[in-house]
Amino acid sequence: MQFNSTLESIKTYEAGKPIELVVREFGIAPEAIVKLASNENPYGCSLHVSQAVEHILSKMARYPDDSMYKLKASLAKRYGVDAGKVIIGSGSDQVIEFAVHAKAGPSRPVLMSAVTFAMYEIYAKHVGAPVLRTTSRHHDLEEFYALYQAHKPSIIFICTPNNPIGDAIDAASLFTFMEKIDSDTLVIVDGAYMEYGRARDAAKALDAQSLIKHFDNVLYLGTFSKAYGLGGMRVGYGIASEPIIEALYKLRPPFNITTLSLEAATVALEDEAFIEQSVASNFSEMARYEAFAKERGLEYIESYTNFITFCFEAPMNGTKIAQTLLSKGMIVRDLASYGLNSIRVTIGTPSENDRFFELFDHLLKE
Ligand SMILES: *Cc1c(COP(=O)(O)O)cnc(C)c1O
């Protein structure tokens with residue numbers, strides 16, 4: 001069968017391997033498997049969420065509130081904006097999809113960093129939009145600007161802190177950059193790891209409210225999948241000026257967020273203490289990873305997120321390392337598909353991290 005030719009260049013997105021797959025492939029008991037591959041919160045989510053979700057189990061026969069009134073109002077309050085400046089997606093992924101479909105196309109390229117979130121390129125390919133990348137692995141805003149001037153892209157993707165390598169840009173430099181970008185270019189600022197980034201360094205903290213107050217062409221994205229611990233619920237959001245939100249709404253399928261997910265996200269947003277604890281534990285455990293790497297002379301990238309990226313040089317091989325760890329029940333992310341000889345490891349609980357250090361040490365000695 002013939003499909004749209006745009007599909008020919010798309011590689012299917014490879015998500016972090018689920019625990020169930022390792023159980024099946026390697027016959028390892030589920031309890032013995034540690035998954036440090038998808039940047040989920042290893043401490044779960046706010047305890048208030050499970051209670052709240054139980055209360056609404058009786059409402060499942062009805063479609064969800066399609067206005068998403070409660071969650072939108074809570075997010076609007078949190079960010080200090082009107083609810084008309086908020087859109088909710090089935091993960092912030094879905095908001096990225098809406099934005100790319102709304103703005104990019106065959107003669108309307110998109111611009112992104114050399115190494116960044118894989119879904120930007122996949123959505124661009126849906127609509128046949130050329131993908132421009134900087135040569136720098138880290139976000140280099142000067143290079144972004146030069147490419148912007150040369151190619152006038154329809155969308156610029158800024159992922160800060162950046163997945164999969166953990167770098168982040170200063171909020172002040174983003175403001176300076178934005179001032180030079182024309183108002184018809186959509187700048188998507190993906191803050192999936194902002195809860196972590198701002199805690200590590202206040203200079204990296206983006207204030208979405210002031211960003212969208214100053215710039216009509218910014219779409220700020222957040223998600224409940226990472227620090228909030230609701231990856232299984234699929235809720236993310238975008239904040240932008242009304243004309244952008246109205247355009248994205250035209251692409252939104254009805255009832256795109258389940259009743260359970262709406263309730264879980266609304267309750268999770270209120271529990272700031274949970275986020276603070278998760279973020280604090282993340283960075284105290286991150287310090288152990290850094291010490292581990294330094295002691296063994298391993299190269300890693302300074303990270304503003306809940307993961308750390310180790311970079312290898314031949315003969316060490318990231319793919320082989322990830323495979324060997326997998327066969328022992330430790331799931332990490334091989335970054336070969338990003339063109340890197342690296343693995344990305346989500347910071348787990350103290351005991352999960354102990355297990356990683358033990359297995360990795362063993363492997364290094366072989
Ligand atoms: C995880 C992630 C997202 C979105 O995840 P959803 O689960 O779809 O909300 C977006 N951007 C980056 C960079 C991510 O790492």
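Helices (H or I, at least four residues) and strands (E, at least two) are DSSP runs, numbered from the N terminus. This is a predicted model, in which local features need pLDDT of at least 70 and side-chain atom pairs count only at pLDDT 80 or more, while totals for chains, interfaces and linings use all residues. Residues are numbered from 1 along each chain as its sequence is written, and side-chain values use heavy atoms, with hydrogens and water left out.

**Exercise 1.** Describe the overall build of the protein, beginning with its helices and strands.

*Solution.* Counting the elements gives 14 helices and 13 strands. The radius of gyration, taken over C-alpha atoms, is then set against the globule rule, which is 2.2 Å times the number of residues to the power 0.38. For 366 residues that rule gives 21 Å, and the protein has 20 Å, which is close, so it is as compact as a globular protein of that length. Along the principal axes, the C-alpha atoms fill a box of roughly 55 × 55 × 55 Å.

**Exercise 2.** Locate the cis peptide bond between T160 and P161 and the one from A314 to P315.

*Solution.* The bond joining T160 and P161 has an omega of about -10°, and P161 belongs to the loop between β5 (155-159) and α7 (171-179). For the bond from A314 to P315, omega is near 10°, and P315 is found in the loop between β10 (307-311) and α13 (318-327).

**Exercise 3.** Work out which residues come nearest to the ligand and which polar atoms lie beside its oxygen atoms.

*Solution.* A residue counts as near if one of its heavy atoms lies within 4 Å of the molecule. There are 13 residues around the ligand, of which D190, T223, S225, K226 and R234 come nearest. The shell divides into four nonpolar, five polar and four charged residues. R234 sits in the loop between β7 (218-223) and β8 (236-240), and has a positive phi of about 60° although it is not a glycine.

For polar contacts, look for a pair of N or O atoms within 3.5 Å. A polar side-chain atom of S225 is 2.6 Å from an oxygen atom of the ligand, and a side-chain N or O atom of K226 is 2.9 Å from a ligand oxygen.

Methods
A polar contact is a pair of N or O atoms within 3.5 Å; within protein, one must be able to donate a hydrogen and the other to accept it, and residues adjacent in sequence count only if both atoms are side-chain atoms. Ala, Val, Leu, Ile, Met, Phe, Trp, Tyr, Cys and Pro count as nonpolar, Asp, Glu, Lys and Arg as charged, and the others, Gly among them, as polar.
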